[in-house]
Amino acid sequence: MSLKVFNTMGREMQEFKPIKDGFVGFYGCGPTVYNYAHIGNLRAYVFLDTLDRTLTFLGYDKKHVMNITDVGHLTGDSDAGDDKMVKSAEERHQSVLEVAQFYTDAFLKDIDSLNIIRPDVICKATEHIPEMIDLIKRIEANGHTYMAGGNLYYDVTTYPHYGDLAQLNLDELRAGAGERDVVVVDKNKRNPADFVLWFTKSKFENQALTWDSPWGRGYPGWHIECSAMSMKYLGEHFDIHTGGIDHVPIHHTNEIAQSEGATGHKWVNYWLHNEFLVIAKDKKAAENGGAEKMSKSSGNFLRLQTLIDKGYSPLDYRFFLLGGHYRKQIYFSWDAMDSAKNGRASLVQKIVKLAQKAGGEKALSAKKYAKGEANCRTGLSEKACAYLDAFQSALENDLLTPVALSQISKIVKDSSVSPAEALDVIDRMDSVIGLSLIESAAAALKEAGTAAVSLMPDHSGDPEASEIDALVSERALAKKNRDFARADKIRDELASRGITIIDTPTGPAWKRN
């Protein structure tokens, strides 16, 4: 089997064929650094990391490029609303660049905490203004632009394939209708979908950052940065472009128009988009359609630090995300986070037991695999190869992480695979899953000692395990919040059912008396 991905352009599964044999160039839309990233934003970067790791696992060389938007992005994708960067700077009483650097650092700290491999190139918009100006000149020379009210606009009617990605109807867009809501907020536009390439006379008279250009002193529109920077680092035709599903109707649609308007040829071969993380007051509200995407504008967002403050590891959140496919909406709840926390802890505990059987701490020395080494079958038994094959097949089926993750859960319980070999295969799989399973098990084994870890029970097959796991997690959270009355009540309830709680380095566990 070879890698297959769902290409948003055409809405179909396609076999992945790189432009250059053995090499993949891909670009992922990065953050607009005017505020902290919320956990919904971070889903996109766990997806990007999974793609990055999968390509390496499959033996590809790759170049992963991500932008940092630190200028030019308004509240709305269609040149609408306030300038996010300027607004944040005013609220914080800092310069735009100071705000951008603060939130860039915070974002990088978050992705490091989630064990996300940093992209090969992280490029800031403010450091690539000359590239944007040069690209706009090419677009203008090809007859796709017009000046109005001091700003340079892209005329979408000059590009016959405008809207192909989002499956929009250009005739309907001209009339201000179509599959998306189009509001003409700029009287200078000839068509509602036209967009600004360069501002010189925007509604902001004292724009914080401006540059000289052939069209006057001003600043770039948002969309142009991704086209200019991706072309600088990946060339004018590359393999994969990714982003959130919300980028499809405007941002990515406009990127394609301006990029191909400049070059006259195809720009990107495969478009991959992750779905939203949705949140609701409770599960019932979500089931009744009351869930909405997490966003800063609505105020219903949670930071990664919020999860940490509530006693979860960033890797618990990564485990939670990998349990859903990137193209499916995921409903966030604290119950789901409890399940993820318990699931990861249980997995680590099982790996610790495998290590004990395989000789202790020295059996948990994590390997650093070079390109393509992690999927090598040399020296593995037939049964171990079967697990690795199933894992790879899941990844090659449009990064089906829930199925890939399940192979780790299966092999830790399979006594027909030797403990040492199981640990080897888990280590290979974790080079993609990125949960630091071997490292976590080694830390647990070192801290707890062999005797203490051996007390950790295996609850597979226990019909009440999920309910008890939830109560144990609730007790831990109550203790963290100093609600000792609630913690004692849960302990007493479990004790009355013949259950004892065990404190371990990977969190509380329990056993039946």
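Angles under 35 degrees count as roughly parallel, over 145 as roughly antiparallel, 65 to 115 as roughly perpendicular and the rest as oblique. The structure is a predicted model, in which local features need pLDDT of at least 70 and side-chain atom pairs count only at pLDDT 80 or more, while totals for chains, interfaces and linings use all residues. Residues are numbered from 1 along each chain as its sequence is written, and side-chain values use heavy atoms, with hydrogens and water left out.

**Exercise 1. Classify the packing of helices H12 and H14, and describe the residues of their contact.**

Solution. Begin with the elements: helices (H or I, at least four residues) and strands (E, at least two) are DSSP runs, numbered from the N terminus. Helix H12 covers residues 382–396 and helix H14 covers residues 419–433, and the two pack at an angle of about 10° with their axes 10 Å apart. Such axes are lines fitted to C-alpha atoms, for helices over the stretch in contact, and angles run from 0 to 180 degrees between N-to-C directions. H12 and H14 are therefore roughly parallel to each other.

Next, take the contact itself, where contact means heavy atoms within 4.5 Å. From H12, the residues Ala-384, Tyr-387, Leu-388, Phe-391 and Leu-395 meet a set in H14 made up of Glu-421, Val-425, Arg-428, Met-429, Val-432 and Ile-433. Sorted by class, these residues comprise nine nonpolar, no polar and two charged, given that Ala, Val, Leu, Ile, Met, Phe, Trp, Tyr, Cys and Pro count as nonpolar, Asp, Glu, Lys and Arg as charged, and the others, Gly among them, as polar.

**Exercise 2. Work out the order of the five-stranded open sheet, its edges, and the helices that pack on it.**

Solution. Two strands pair if DSSP finds at least two bridges between them. On that basis the five strands follow the order E7-E4-E3-E12-E13, with parallel pairing. Strand E7 (121–124) and strand E13 (268–274) each have a single partner strand, so one side of each is left without a neighbour in the sheet. On average, and with direction ignored, neighbouring strands of this sheet are turned by 20° against each other.

Individual pairs can then be inspected. Strand E4 (residues 61–68) is joined to E7 by four bridges, and Asn-67 stands opposite Cys-123 in E7. At the other named edge, E12 and E13 pair in the parallel sense over six bridges, with Leu-272 in E13 as the bridge partner of Thr-242. Seven of the seven residues of E13 are buried, where buried means under 20% relative accessible area, exposed over 50%, and partly exposed in between (1.4 Å probe, protein chains only).

Finally, add the helices. Helix H1 (residues 39–57) lies across strand E3 (23–28), E4, strand E12 (238–244) and E13, and runs at about 175° to E3. Helix H7 (residues 248–263) touches E12 and E13, and its direction makes about 155° with that of E12.

**Exercise 3. Describe the four-stranded open sheet and the helix that packs on it.**

Solution. The strand order is E8-E9-E10-E11, and the pairing is antiparallel. Strand E8 (145–148) and strand E11 (219–220) are the edge strands, each pairing on one side only. Within the sheet, three bridges join strand E9 (residues 151–154) to strand E10 (residues 195–199), and Leu-152 stands opposite Trp-198 in E10. Helix H4 (residues 129–141) touches E8, E9, E10 and E11, its direction making about 125° with that of E10.

**Exercise 4. Establish where Leu-435 and Arg-475 lie and which residues they touch.**

Solution. Leu-435 is found in the loop between H14 and helix H15 (437–453), and at 0% relative accessibility this residue counts as buried. Not counting residues up to four places away in sequence, Leu-435 touches Asn-115, Leu-315, Arg-318, Phe-319, Leu-322, Leu-405, Asp-430 and Ser-440. Leu-435 and Ile-116 are 319 residues apart in sequence, yet their C-alpha atoms are 9.8 Å apart in space.

Arg-475, by comparison, is found in helix H16 (residues 465–480) and is buried, with a relative accessible area of 12%. Leaving aside its neighbours within four places in sequence, Arg-475 is in contact with Ala-487, Ile-490, Arg-491 and Ile-501.
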